[in-house]
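User: Could you take a close look at one part of this model for me? I'd like to hear how a single side chain sits, and then how the rest of the picture fits around it.

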Amino acid sequence: MSRQAWVLVVVAGILALATLVGAVVLAVRVVRTRRMLTGLGAGGKVAFYGALIYTIFPVDVLPDPIYLDDMGVLAAALIYLTRLVHQRRGAAGRQLPGQPDAPPNPERVRRRVR
């Protein structure tokens, strides 16, 4: 194999590894939103489980060494779930499951240290 071919193989390997890491990071973030699913309704559950099933399922739009489609589905689900969380917080004015009971006291946080 020529030197140019080796360089191409190494660059392709690095890109494949980078997309795999990106897909794993997005999957972890989506899984962390699982604790809020009870307050997000059916649409949130469908987005969560649909994104995870698509990521794990072996039949994809692009072959498995290229995780760009998986990253796109996970990112879309994460954006959708984040918007649902913000809508539920704003509309209901209440805490969602998994959040702390009371907000931090602003006077304590902004107190000067002498």
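Analyst: Val-25 counts as partly exposed because its relative accessibility is 41%; buried would mean under 20% relative accessible area and exposed over 50%, with partly exposed in between (1.4 Å probe, protein chains only). This is a predicted model, where local features need pLDDT of at least 70 and side-chain atom pairs count only at pLDDT 80 or more, while totals for chains, interfaces and linings use all residues. Numbering runs from 1 along each chain as its sequence is written, and side-chain values use heavy atoms, with hydrogens and water left out.

Val-25 lies in helix 1; helices here are DSSP runs of H or I with at least four residues, strands are E runs of at least two, and both are numbered from the N terminus. Val-25 also belongs to a nonpolar surface patch with Leu-17, Leu-20, Val-21, Val-24 and Val-28, and together they have about 460 Å² of accessible area. A patch takes residues with over 30% relative accessible area and no salt bridge (a Lys or Arg side-chain nitrogen within 4 Å of an Asp or Glu carboxyl oxygen), joining nonpolar side chains (Val, Leu, Ile, Met, Phe, Trp, Tyr) within 5 Å and like charges within 9 Å. Areas are Shrake-Rupley values with a 1.4 Å probe, and for residues only the protein chains shown count as cover.

Helix 1 (3-32) also faces the other way, so to speak: along with helix 2 (41-56) and helix 3 (68-92), it gives two or more residues to the largest nonpolar core. Such a core is a set of buried Ala, Val, Leu, Ile, Met, Phe, Trp, Tyr and Cys residues joined through side-chain atoms within 4.5 Å. This one has 15 residues, and Val-30, Leu-40, Phe-48, Leu-74 and Leu-81 touch the most other members. Helix 3 is the top contributor, with 6 residues. Beyond its neighbours within four places in sequence, Leu-40 is in contact (heavy atoms within 4.5 Å) with Leu-81, Leu-84, Val-85 and Arg-88.

For another valine, try Val-73 in helix 3, partly exposed at 27% relative accessibility. Setting aside residues within four places in sequence, Val-73 contacts Ala-51 and Tyr-54, and its C-alpha is 8.9 Å from that of Gly-50, 23 residues apart along the chain.

Zooming out, the protein has 4 helices and 0 strands, and 24% of its 114 residues count as buried.
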